[in-house]
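Hi,

Here is the structure I promised to pass on. Have a look at it first, and then read on for what turned up.

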Amino acid sequence: MSMNRNYQYVRRQPAMGAPTNEQSGSRQSASVSSSMANFNNSYDWKSQIKRPPPDTRYKTEDVTATKGNEFEDYFLKRELLMGIFEKGFEKPSPIQEESIPIALTGSDILARAKNGTGKTAAFCIPVIEKTDPEKNYIQALILVPTRELAFQTSQVCKELSKYLNIEVMVTTGGTSLKDDIMRLYQPVHILVGTPGRVLDLANKGVCKLRGCSMLVMDEADKLLSPESLPSIIQVMSYLPQNRQVLLFSATFPVTVKSFKDKYLEKPYIINLMDELTLKGITQYYAFVEERQKVHCLNTLFSKLQINQSIIFCNSVNRVELLAKKITELGYSCFYIHAKMVQSHRNKVFHDFRNGACRNLVCSDVFTRGIDIQAVNVVINFDFPKNSETYLHRVGRSGRFGHLGLAVNLITYEDRVNFYNIERELGTEIKPIPADIDQAIYCQ
Ligand SMILES: Nc1ncnc2c1ncn2[C@@H]1O[C@H](COP(=O)(O)OP(=O)(O)OP(=O)(O)O)[C@@H](O)[C@H]1O
Ligand SMILES: [Mg+2]
């Protein structure tokens, strides 16, 4: 591990049975028959890990420019390391290198890193490491702004902690409150949820947060926006005074500052965004009239090599209308927005993630955090109004440093927003060429 860090953290003793050089030197003795002995052997635990096939796709510096840390450098529990490796993570990404050791020290963090560079594991790994399965109460609360993101994040937590006896519960609006109350009578160690439902359960006294010493806010700037800030402040009042607060996002507008100054204690600031947009994403625009948009989309479908695409509209109504139009054009598509019943939302999310359909039309419920590796094209059928929304939307492709394409349909009315967003993000959105080289978004 590189030594030129500007911080220190206490190195714990390796977990029981964790590999040491001496142990790995005596591999011969590992050929004992008992499976338990095999499990305890330091050589075997790694060889028995079922890693997914390596992802050989091209990756940009957004994720490859690391210091060269290994996950083993952080002296995590061996069972957690097993979960990490079985998820296919070989080495920590830049944001993971920065935040895991700091979070393990108990320090508050405000971390900013680009879309798709691994922020989820950057907070889940320390949260899991610091959770004691022997203590039967909620020790960490992870708040996120949308239901689908809560579900996705709880899945990541469950996968990473699969070899530990840690109970992860997800709780969001749109599901049965009674079921959540019943579930809370069973042990829960890590609670992942959206602020409204968590507050509801805390107010009812069924969700007890007095022992919850870690609070993570993912997409923190969204959670701290005026609509949900009051709920967040109320939820925080249920946490102990000495709780650790971790804020993560790719965007931190100045509005977050007053919250940070008031509620975070000497936070460690991480900012890995010297530039804002992803290196792997090429951004184009097509200047169109409103009535030409569907025709233009049809042309894009016929010309582009879409693995999976996400198409954004600015209203629920327009999502439904466009989905209908796309189906009439003969292309398959799903749609999702916040006014749909939750069970249907879940099915669409699940099926799209599993590749059941190539195109998904959606509103801004899908703008933040959603991680679908197969998406290589994002289309702004309607151009967003601010740069944060733009950045998060286009960041649905090009996950973990992969290549992707963002196409923006721009009308005369969008021209001021277009100019402002380009300027605020310091990026260039180019006019779409007649032919787009597949190599720039299909590797
Ligand atoms: N160390 C790693 N090695 C390989 N893949 C990783 C690693 N860390 C994360 N990933 C993968 O990268 C993808 C993106 O991760 P994640 O969703 O955490 O990004 P993010 O930074 O939270 O993005 P966003 O800002 O859009 O929310 C996921 O599919 C995740 O499994
Ligand atoms: Mg995220």
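Before the pockets, one bit of vocabulary: Ala, Val, Leu, Ile, Met, Phe, Trp, Tyr, Cys and Pro count here as nonpolar, Asp, Glu, Lys and Arg as charged, and the others, Gly among them, as polar. Please also keep in mind that this is a predicted model.

Let me begin with the second largest pocket, where that wording comes in. By class, its lining splits into twelve nonpolar, eleven polar and nine charged residues. The space in this second largest pocket comes to about 770 Å³. It has 32 lining residues, and Pro145, Lys222, Leu223, Ser225 and Glu227 are the closest to its centre. Two or more lining residues come from each of α10 (195–203), α11 (220–223), α12 (229–236), α13 (256–263) and α17 (387–394). Where does the second largest pocket lie relative to domain 1 (55–271) and domain 2 (281–440)? Both domains give residues to its lining, so the pocket lies between them.

Now the largest pocket, with a volume of about 1,300 Å³. Its lining is made up of 45 residues, and Lys87, Phe89, Asp371, Gln373 and Phe400 lie nearest the centre. By class, you get 13 nonpolar, 17 polar and 15 charged residues. Domain 1 and domain 2 each put at least three residues into this lining. As for helices, α4 (61–64), α7 (119–130), α8 (147–160) and α16 (342–353) each supply at least two, and α8 has the largest share, with seven residues.

While we are on α8, take a look at glutamate 148, which is found in that helix. Is this residue buried or exposed? Glutamate 148 is buried, with a relative accessible area of 1%; the cut-off for buried is under 20%. Its side chain makes a polar contact with the side chain of arginine 345, at 2.7 Å. Leaving aside neighbours within four places in sequence, glutamate 148 is in contact with Ile336, Gln342, Arg345, Phe349, Phe366 and Ile370.

Another one to click on is glycine 116, in the loop between β1 (109–112) and α7. This glycine is buried too, at a relative accessible area of 11%. Not counting residues up to four places away in sequence, glycine 116 touches Val63, Arg399, Phe400 and Gly401. You may recall Phe400 from the list of residues nearest the centre of the largest pocket. The C-alpha atoms of glycine 116 and tyrosine 390 are separated by 15 Å, with the two positions 274 residues apart along the chain.

There is also one cavity of 30 Å³ or more, with a volume of about 30 Å³. Its lining consists of Lys114, Asn115, Leu276, Thr277, Leu278, Ile281, Leu391 and Val394, which by class makes five nonpolar, two polar and one charged.

Last, helix α6 (residues 94–104). Ten of its eleven residues are buried, so the helix is largely enclosed by the rest of the structure. Among the buried ones are Gln96, Glu97 and Glu98. What do the buried residues of α6 pack against? Their partners are α4, β1, α7, β6 (244–249) and β7 (268–271). Just after α6, glycine 106 takes a positive phi of about 95°.

Cheers

Methods: Residues numbered from 1 in each chain as written. Chains lettered and ligands numbered in written order. Predicted model: local features only at pLDDT ≥ 70, side-chain atom pairs only at ≥ 80, totals over all residues. Heavy atoms only, no water. 1 Å grid on protein atoms, 1.4 Å probe; cavity = no way out; pocket = protein on both sides within 12 Å on 5 of 7 lines; lining within 4 Å. Points joined across faces, edges and corners; volume = space filled by probe spheres on them. Helix = DSSP H or I, 4+ residues; strand = E, 2+ residues; numbered from the N terminus. Domains from an automatic or database assignment. Buried < 20%, exposed > 50% of the residue type's maximum accessible area, 1.4 Å probe, protein only. Polar contact = N/O pair within 3.5 Å; in protein donor to acceptor, adjacent residues only side chain to side chain. Contact = heavy atoms within 4.5 Å.
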